[in-house]
Structure formats: structure tokens, C-alpha cells
Amino acid sequence: MPELPEVEVVRRGLEDHMVGHTIVSATVLHPRAARNQLGGGPEIEANIAGLRVSAAKRRGKFLWLELIDAPSGETRPDLGLLVHLGMSGQMLIKEPDAPISPHLRAKVELDNGDEVWFVDQRTFGYWWLGDLVDGVPERVSHIATDVLDESADFSAIARNLKSRKSEIKRLLLNQEIVSGIGNIYADEMLWQAKIHPLQRADRLSLARLEELLQAGKDVMSKALAQGGTSFDALYVNVDGDSGYFALSLNAYAQTGEPCGRCGTLIIRESFMNRGSHYCPNCQKRR
Ligand SMILES: [Zn+2]
């Protein structure tokens, strides 16, 4: 599943190709792509045509296009097209005569002739067109800031984490505490900060919790610089290219490999229906 760095790579691509352009038309080809829209695909198709894309924004794993009703002279966006990639969603820039993908779920046509395709094999992703409230789509107003957000307050997030008698990894995956972190980057940041995934958060000091958030920021910044992590060829940027941060992973999917710090073999334990990968020597539970 794309996490923060992967979604940010896609956001940057959409920013390059869409901002300043007007959407000529939209077509929703699969009802699941508009399942969160009250009026379904037809509502998106009817309301998005003629709007101009003024920005591409992101919070955690959610990205959205800010839309302006340009012909009316309006300059302040009050509508956004929210894009959630889900497990396998791709946003691809295509020329109009590109061969159709069997997993094409929705598309928009831009005033320069380019098309932007939403291709989603497993159909967990969706589009949602709706109001922006304080600049954020209503649907994601409950999502916390992420560690790459300039306005993220690490000491406040650390205090929030410390107030909870729960395993640290479970909290890192809670998008209402800190957003954008999934299984890959949770394991990587915990390895980096030498914290056991099942360590209770209230037993860590505020300083350690802030170190952990900083580790997350560092790891995700590095992943971003390498185009994100592609495991199953489903995650790609808007040009269809994979990222190569998978080569730099220290814990996630490294079961049986020597720890990059101490040489102890990385182990995998089941957690929340998935796996936690960690070094049993560097990451001791306290
Ligand atoms: Zn180690």
C-alpha cells in the first residue's frame, strides 16, 4: 500500500502536469471509484468539467486537487478532488491515444489534450469531489498532520503518544495521531530509533518519542528522494516508473537478513494481521 513518500511522489507528478490546466471532462468507469460520492460517478462527471486545477495538496496518504471555477472569476478554491490510492491505485498521465488499461477506473481530460487516469487493480482506492473546509477536503478533516508537514508539532504528537497505554506501532498506524505511516515506514522508523514495535508508548520518554518521529521524517525523506518503495510493481509515479527505496530497507521484509547495525538476524512477528520486522538485539522491549 502506498504510504506517505509514495503518495507525495504522485502528488508532485500531478502538480507538474495538472496545475494551471482546466478539466474538460471526467469519466468514471467503475462505480467503486466513486463509492463515497453521494451521487456516484455522475455527480463527479457533472460537477468537475470546466474547473481549473490550482494546486495539488496532500495530508498523510490522502492527496487532493484544489479546483477553481475559473470562468466565474473565482480565485479561491472551495472544491477539491480527493484521491485515495488505497492498496493499488495509480494516477497516470496519458496521451489520448494510449492503449486502455483493463484496470482503468476513472479519468479526466485536460485542456492540453492530456488525460489523467486512475488505474486501480484492487479497487480499494477512490475519488471524492467535495468541499474544502479550511483548505482540506471535508472527508479528511479528521486526519492528523504527517511528519513531513512543516506545521507538524513533534512535541505535541509525542505528548499524545505518551498519554496512551498502547503498543507504539499500533499508535504509529493510527492516522488520527500522526498520518501517512503504514507497515513499511513504521518498521523502518522503529528500527532507526531502536524501539521494539510492541513497546508501550507511555513507558517511553517524550525525548525518545520525539526521536522516533524525527527518525520517521528522516526515513521518509530518504524514501522520497528515491522515488518511494515499490514492492509489487503496483506503486508507480505518474509516468509509470517504480521507486527504488526497497533496496535501502533495514527492517521491513528483511526477515533472516543481518541487522545493518549489529548483524543479528531480523525477525518477523505477526501484528495486526500483518508482520512486524525488527532486530531483537537493537530493539529490546522495556
Ligand atoms: Zn541490530
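**A five-stranded sheet and its helices**

In this predicted model, strand E4 (residues 79-84) and strand E8 (residues 126-133) pair in the antiparallel sense, with six bridges between them. One pair to look at here is Leu82 and its bridge partner in E8, Trp128. Helix H2 (residues 40-48) packs on the sheet at this spot, touching E4 and E8, and its direction makes about 55° with that of E8.

Zooming out, E4 and E8 belong to an open sheet of five strands, ordered E2-E3-E4-E8-E9, with antiparallel pairing. Strand E2 (52-59) and strand E9 (136-137) are the edge strands, each pairing on one side only.

Helix H1 lies across E2 and strand E3 (62-68), and runs at about 170° to E2. H1 covers residues 4-18, so to speak 15 residues in a row, and spans 20 Å from first C-alpha to last, close to the 21 Å expected at 1.5 Å a residue. Twelve of those 15 residues are buried, so H1 is largely enclosed by the rest of the structure. Among the buried ones are Leu4, Val7, Val10, Leu14 and Met18, but also Glu6, Glu8, Arg11 and His17. Just past the end of H1, Gly20 takes a positive phi of about 95°.

Further along the chain comes a hairpin, built from strand E10 (residues 267-271) and strand E11 (residues 274-278), which pair in the antiparallel sense over five bridges. Ser270 has Gly275 of E11 as its bridge partner. Two residues sit between the strands of this hairpin, where Met272 takes a positive phi near 50°.

Note on methods:
Residues numbered from 1 in each chain as written. Predicted model: local features only at pLDDT ≥ 70, side-chain atom pairs only at ≥ 80, totals over all residues. Helix = DSSP H or I, 4+ residues; strand = E, 2+ residues; numbered from the N terminus. Buried ≥ 20, exposed ≤ 12 C-beta atoms within 10 Å, placed from the backbone. Pairing = 2+ DSSP bridges. Contact = placed C-beta atoms within 7 Å. Axes fitted to C-alpha atoms, helices over the stretch in contact; angles between N-to-C directions.
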